[in-house]
Amino acid sequence: ATVSLMEEFYTNLWREKLPKLEALRRAQLEVMRHYDPQRQVLDRESSRPAPGGVEANLGPQRQLPPFYWAAFTLSGGAADKFTALFKLFIGRGSGNAADGFSFNIASDLPDPTTGSTTGEEGTGSGLTVAFDTYDNGALEAPAIALKWGASEFATTNLTKATMVNNQWVDVIIRVNPDGTADLYHNNVKYFDKVPIPGWSPISAPLIMLGARTGGGFEGHWVD
């Protein structure tokens with residue numbers, strides 16, 4: 001899959017003039033959805049059922065495991081601003097669904113190909129957006145929280161049904177050049193230019209998505 005991913009990456013970078021992070025993200029999506037490991041080519045014509053019994057109406061029908069596309073990162077320059085756009089599905093949960101999902105961008109994230117994972121609280125010395133769906137008794141959740149390193153600097157409490165809604169919703173996470181953060185979830189802006197305490201550009205940024213369940217459970221899908 002490496003050859004196909006690199007071809008897509010440099011097409012996005014040179015021909016489409018996309019930023020490096022976006023060029024890599026789109027290349028990884030193409031491989032995830034369209035790569036045929038038996039023929040070792042990108043095949044955008046034929047369909048492949050989604051893994052794990054996920055029905056077509058829960059997202060793309062073509063999804064390869066992260067083994068084929070996740071172990072690619074950018075090195076070099078620092079990210080002084082970025083925008084992450086994706087669709088998020090949280091649902092199919094137990095009566096009191098748990099525990100949540102996190103988006104993480106930092107230079108020191110663990111390598112998922114070695115089995116390292118993270119949950120809804122996130123990890124790393126950079127920015128974490130934590131979608132915490134389970135109240136552990138301190139009324140800290142359900143909530144969406146922003147963290148820089150391990151320090152939470154902004155949070156907004158929501159109803160559980162706002163996040164665990166059995167729907168694909170748009171999520172936009174943006175860090176602006178002035179070191180402030182914006183966040184939209186399902187077309188609602190929850191954070192608007194919130195200053196990130198101690199913000200500095202993230203060198204050689206990595207991105208990691210995390211989720212966790214326990215006795216209570218829910219499903220998490222990202223497109």
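**Overall fold and strand pairing in the predicted model**

The protein chain comes out with three helices and 14 strands, and the model discussed here is a predicted one. On overall size, a compact globule of 223 residues would have a radius of gyration near 17 Å; the chain has 18 Å, so the two agree. Laid along its principal axes, the C-alpha trace spans about 50 × 40 × 35 Å. Buried positions make up 44% of the 223 residues. As for the contact map, 60% of the contacts with a separation of 6 or more link residues 24 or more positions apart. The surface that the chain exposes adds up to about 11,300 Å², with carbon and sulfur atoms supplying 51% of that area. Charges are not centred on one spot either: the mean position of the 19 positive ones sits 7 Å from that of the 25 negative ones.

A handy way into the sheet is strand β4, residues 82–91. Seven of its 10 residues are buried, so β4 is largely enclosed by the rest of the structure. One of its partners is β9 (residues 168–175), and the pair runs antiparallel over eight bridges. Within that pairing, phenylalanine 86 has valine 171 of β9 as its bridge partner. Another partner is β14, again antiparallel, this time joined to β4 by four bridges. Here leucine 88 is matched with valine 222, and isoleucine 90 with histidine 220. Strand β14 itself covers residues 219–222 and is two-faced: Gly219 and Trp221 make up the covered side, while His220 and Val222 are on the uncovered one. Both of the β14 bridge partners just named, histidine 220 and valine 222, therefore belong to that uncovered face.

Just ahead of β4 comes lysine 81, in the loop that links β3 (78–79) to β4. Once neighbours within four places in sequence are set aside, lysine 81 touches Val175, Asn176 and Pro177. Val175 is within the residue range of β9, the strand that pairs with β4. Tryptophan 14, on the other hand, is 67 residues from lysine 81 in sequence, with 21 Å between the two C-alpha atoms.

From β9 the pairing carries on into β10, with five antiparallel bridges between the two strands. Isoleucine 172 faces tyrosine 184 across this pairing. The two strands form a hairpin with four residues between them, and glycine 179 in the turn has a positive phi of about 80 degrees. β10 is mostly covered, five of its six residues being buried. It pairs in turn with β11, antiparallel and over five bridges. Tyrosine 184 turns up again here, standing opposite lysine 189 in β11.

The β10–β11 connection is worth a look for its backbone angles. Most residues other than glycine have a negative phi, and most peptide bonds are trans. The hairpin of β10 and β11 has two residues between its strands, and asparagine 186 and asparagine 187 are both found in this loop. Asparagine 186 has a positive phi, near 55 degrees, and asparagine 187 has one too, at about 70 degrees. How much of each is open to solvent probing differs in class: asparagine 186 is partly exposed, with a relative accessible area of 32%, whereas asparagine 187 is exposed, at 65%.

Two cis peptide bonds also deserve a mention. One runs from alanine 98 to aspartate 99, with omega near 5 degrees; aspartate 99 is placed in the loop between β4 and β5 (100–106). Another joins alanine 141 and proline 142, with omega about 0 degrees. Proline 142 lies in the loop between β6 (127–132) and β7 (143–148). That loop also holds leucine 139, which counts as exposed because its relative accessible area, 67%, is over the 50% cut-off. Asparagine 157 is 18 residues away from leucine 139 in sequence, and their C-alpha atoms are 8.7 Å apart.

Notes:
Residues numbered from 1 in each chain as written. Predicted model: local features only at pLDDT ≥ 70, side-chain atom pairs only at ≥ 80, totals over all residues. Heavy atoms only, no water. Buried < 20%, exposed > 50% of the residue type's maximum accessible area, 1.4 Å probe, protein only. Pairing = 2+ DSSP bridges. Rg over C-alpha atoms; globule rule 2.2 N^0.38 Å. Contact = heavy atoms within 4.5 Å. Areas by Shrake-Rupley, 256 points an atom, 1.4 Å probe, with all protein chains shown as cover. Lys, Arg positive; Asp, Glu negative; His and termini not counted. Charge placed at Lys NZ, Arg CZ, Asp CG, Glu CD.
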